[in-house]
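Visitor: Please explain how the descriptive terms for this model are justified.

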Amino acid sequence: MHKLDGPVDLKEAAVIAWRRDLELQRQNRIFTARLRTIGIDQQALDGQIKDRKIREETEARKHLAYANDLIRHDQAMCILDERHKRDVKNLNKAIDEFRICYQKPETHREFDLNDPQALKKDFPARISDTDPRCTVSSIQKLPGEDLQQEERIRRQQKQIREWSLAQQKDLKNALEDQKFANRLYDKYRIAQDQRACELQQMEEDTRRAVHVATKDFNRAQATESTTKRKLEKLQEQEDNSIEIANQLHSDLLTENPKQAMSAFGPNRVIVHRWKGMTPDQLDEVTRKQKQQVQEKKRLEEEERQRNAEWERLRANDARAAVLLERQQQRVNRQLRKEMDCQNMLLSRDHKARERFLKNEVYVNVPTGKYFDQFNTTSR
C-alpha cells in the first residue's frame, strides 16, 4: 500500500500559495472593468500627493504662528491675572488690618449686650438709698420722692451727649473707611490702566518698528529696481545706437547687389535683401517666357489631337460595352432562374435539418451550472 498521509512539502506549498495569490490579483485587475479600461495615472497621483504635502506644510506653519500668538497672549493675561490677584490680596489684607486695629468689638455701641464679662462688670441690685437704678417698680422709692431729679437730668443729658458724640465718631470712622477703600480701589484701577497703557505702548512700538523695517526694505527694493531700470535703459539706448550705425553702413541700405547672394547656390537669393533683377536677367526672362508660350501651344495641339483619338476609341468601346451588357443580362436571367431553383431546394433541406435538430438533437436545455464554469480564470 502507498502511504497517502505523508509530510507536506512546505516549499512547494508556499509556491502554490504564491501562484494562487498572483492569480487572484490578476483576476481582480482583469475582471474589474474600471481598472482594465481606465487604469491609474501615477503622475497625476504623485502631483496630488505633492500638492497635499505643500498644503499641509503651509497649514502647519500657519497653525504654529497662531499657537505662538496664543501663547504670548496667554502669558500676558497670566501676568495681569497674577497682578490682579496680588492687588486684591493686599487690599483684603489692609482691610483686615484696619478692622483689627480700628474696629474692635469693644468699640461697638451694642458691645454691652454681648459682653462675656457683663456679669462681672455689673453692679449689685442696690448700692444705697440714693441709687439711681432704684425705680418705681423696684419699690425702693415712693412716688414724689425724686430727690435726685437735677442730678438725674444732668446725667441723662451727659449720656445723650456722649451717645451723640459716639454716633458722630462712628459715622466719621465709617466715612474714613469708605474713603480709604475708595483710595485703594482707585490706586488699583490706576495701576491696571498704567499697565494696560504700557502693554499697548509696547505693542505700538513693536508694530512701528516692524513698519519702519518694512518701509526701509521696500525703499531699498525700490532704489535697486530704479537703478536696474536706468542701467537697462542706458544699455538699450547704447544697443539701439550701435544697431542704427550698423544699419546705416550695412549692405541693405547701400543696395549692394552682392549682399543678396545666397550661400546655397549661385542661382538662389536672399528674399529680404534682394533689390531686383539686372537688365540682362530681365531679357533672359522675356526670352524664356516666349519659348514657354510656343511650347505651350505645341503641347495644346498635341493634347487636342490625342483627345480626339480618345473620343473615337471611347465611342467604339461604348458600342461594344452595350452589346456585351445585353448579352450579360440574358446570361444573368438564365443564372437567376437556376439559382432560384437551387435556393428553393436548399431552403427545403435547411428547414428539414432545423426540424431534425430541434426535435432530435437539441433536446437538453443548459442550466446555470453550465454557464458558471466560464470566466473563472484569467488565462
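Visitor: What makes E232, E236, E238, D239 and E243 a patch of negative charge on the surface?

Guide: Asp and Glu count as negative, Lys and Arg as positive, while His and the chain ends are not counted. A patch is made of residues with over 30% relative accessible area and no salt bridge, like charges being joined within 9 Å and nonpolar side chains (Val, Leu, Ile, Met, Phe, Trp, Tyr) within 5 Å. E232, in helix α5 (residues 149–248), has a relative accessible area of 45%. This is a predicted model, in which local features need pLDDT of at least 70, side-chain atom pairs count only at pLDDT 80 or more, and totals for chains, interfaces and linings use all residues. Residues are numbered from 1 along each chain as its sequence is written, and side-chain values use heavy atoms, without hydrogens and water.

Visitor: Why is W18 called exposed?

Guide: Exposed means over 50% relative accessible area, buried under 20%, and partly exposed in between (1.4 Å probe, protein chains only). W18 has 53%, and is therefore exposed. With V15 and L22, W18 forms a nonpolar patch on the surface.

Visitor: Why does R195 count as buried?

Guide: The relative accessibility of R195 is 17%, so R195 falls under the 20% limit.

Visitor: How do you know that the side chains of R207 and E203 meet in a salt bridge?

Guide: The term requires a side-chain nitrogen of Lys or Arg within 4 Å of a carboxyl oxygen of Asp or Glu. For R207 and E203 the N to O value is 3.1 Å, so the pair qualifies. Both residues lie in helix α5, four residues apart.

Notes: Helix = DSSP H or I, 4+ residues; strand = E, 2+ residues; numbered from the N terminus. Areas by Shrake-Rupley, 256 points an atom, 1.4 Å probe, with all protein chains shown as cover.
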